[in-house]
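The following paragraphs lead through selected features of one protein chain. Please keep the sequence and the coordinates at hand while reading.

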Amino acid sequence: MKSTQSNSSNSVRNHFILVHGLCHGAWCWYKVVAALEAAGHRVTAVDLAASGAHPARVDEVHSFEEYSRPLLDVLAAAPEGDGERLILVGHSHGGLSLALAMERFSGKVAAAVFAAAGMPCVGKHMGITTEEFMRRKSSEGLIDCKMLPINNNQGAGVAMIMGPDFLAHKNYQQSSPEDLALAKMLVRPGNLFMEDPAMKNASLLTDDNYGSVKKVYVVAKADGSSTEEMQRWMVMLSPGTEVEEIAGADHAIMSSRPRELCDALVKIANSLNTC
């Protein structure tokens with residue numbers, strides 16, 4: 001987990017907490033971290049369990065809550081009323097960890113930003129977004145991704161590892177060759193936790209908690225993994241969600257359009273001043 005803080009003359013400081021997607025880690029946010037720091041904000045990029053530099057193996061993480069624990073711990077440790085405004089930013093599968101954190105700590109979260117991310121809704125089970133993604137994505141669409149058998153406390157399961165062609169043609173097709181090379185070197189097996197009780201519980205997310213947090217969806221217009229149609233379907237499920245669009249952004253929105261994403265995040269933070 002990387003956390004940085006810059007001095008600011010504002011009485012309320014923005015603290016952006018960045019959450020990566022499946023198979024990735026805090027490392028994928030490096031451009032956005034630098035841009036937000038330069039704009040004077042505090043930034044924490046989290047490694048979820050068995051991701052990035054986190055020491056656990058994927059088969060040692062036994063539940064979605066345990067996978068999300070590093071994020072939940074950051075929010076649990078954040079003091080209330082200290083003049084700091086927490087803004088959660090989730091990418092891809094990281095949006096589901098965001099949702100769990102919003103439900104648990106709604107009083108601490110000023111806004112949640114779903115950047116080309118899975119965004120569940122109140123009244124439906126949290127895994128519906130992943131199920132819909134997989135329904136729309138044929139096996140050919142996963143190209144050279146591999147499914148690895150794993151065993152944990154929930155029994156036999158599978159983890160996914162993103163193949164180099166999938167990364168190149170579905171995630172990073174608008175990103176630089178350097179960012180694609182970095183991803184090929186650093187991705188790790190990831191568990192979607194489709195059989196986890198948290199994914200199947202339609203009453204997990206409530207209006208009073210998750211539903212009370214300001215939500216903004218950032219649509220990646222050139223996403224080759226989660227189509228624009230899929231992204232807007234999730235927005236439709238959560239009326240009142242605000243929408244920002246970034247043209248030319250592939251699924252790895254933080255790599256292909258980091259400046260535009262940073263500008264959108266700062267715009268969202270500034271809008272909180274008028275709420």
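A suitable place to begin is helix α10, bearing in mind that the model is predicted. In α10, the buried residues are Pro258, Leu261, Cys262, Ala264, Leu265, Val266, Ile268 and Ala269. The helix covers residues 258-271, 14 residues in total, and spans 20 Å from its first C-alpha to its last, close to the 20 Å expected at 1.5 Å a residue. An α-helix has 3.6 residues a turn, so residues three or four places apart point the same way.

A second helix, α2, introduces the charged pairs. Glutamate 65 and arginine 69 form a salt bridge there, with the closest N and O atoms 2.6 Å apart. Because the two residues are four residues apart in helix α2 (residues 64-77), about one helical turn separates them. Glutamate 65 is partly exposed, its relative accessible area being 29%, and arginine 69 is likewise classed as partly exposed, at 33% relative accessibility. The pair belongs to a network of salt bridges that links Glu65, Arg69, Asp73 and Arg104.

The packing of α2 against α3 can be considered next. The axes of the two helices, α2 and α3, come within 9 Å and cross at roughly 55°. That angle falls outside the parallel, antiparallel and perpendicular classes, so α2 is oblique to α3. The crossing of α2 and α3 is right-handed. On the α2 side the contact is made by Phe64, Glu65, Tyr67, Ser68, Leu71, Leu72 and Leu75, and on the α3 side by Leu96, Ser97, Leu98, Leu100, Ala101 and Arg104. Glu65 and Arg104 thus appear both in this contact and in the network of salt bridges.

Histidine 93 is located in the loop between β4 and α3 (94-104). Is this residue buried or exposed? Histidine 93 counts as buried because its relative accessibility is 7%, below the 20% limit. Apart from neighbours within four places in sequence, its contacts are Gly21, Leu22, Phe64, Tyr67, Thr130, Asn191, Leu192 and Met199. Two of these, Phe64 and Tyr67, also take part in the contact of α2 with α3.

By the distance rule applied here, the model contains 19 salt bridges. One of them joins arginine 42 to glutamate 84, with the closest N and O atoms 3.1 Å apart. This pair links distant parts of the chain: arginine 42 lies in strand β3 (residues 42-46) and glutamate 84 in strand β4 (residues 84-91), 42 residues apart. Arginine 42 is partly exposed, with a relative accessible area of 23%, whereas glutamate 84 counts as buried at 15% relative accessibility.

Another salt bridge connects lysine 221 with glutamate 245, where the closest N and O atoms are 3.9 Å apart. Here too distant parts of the chain are linked, with lysine 221 in the loop between β8 (215-220) and α8 (228-237), glutamate 245 in strand β9 (residues 242-246), and their positions 24 residues apart in the numbering. Lysine 221 has a relative accessible area of 36% and is partly exposed; glutamate 245 is also partly exposed, at 45% relative accessibility.

A final position is isoleucine 128, which lies in helix α4 (residues 128-136). At 16% relative accessibility, isoleucine 128 is counted as buried. Its C-alpha atom is separated by 9.5 Å from that of methionine 194, although the two residues are 66 residues apart along the chain.

Note on methods
Residues numbered from 1 in each chain as written. Predicted model: local features only at pLDDT ≥ 70, side-chain atom pairs only at ≥ 80, totals over all residues. Heavy atoms only, no water. Expected span 1.5 Å × (residues − 1). Buried < 20%, exposed > 50% of the residue type's maximum accessible area, 1.4 Å probe, protein only. Salt bridge = Lys/Arg side-chain N within 4 Å of Asp/Glu carboxyl O. Contact = heavy atoms within 4.5 Å. Axes fitted to C-alpha atoms, helices over the stretch in contact; angles between N-to-C directions. Parallel < 35°, antiparallel > 145°, perpendicular 65-115°, else oblique. Left-handed = near helix turned anticlockwise from the far one by under 90°.
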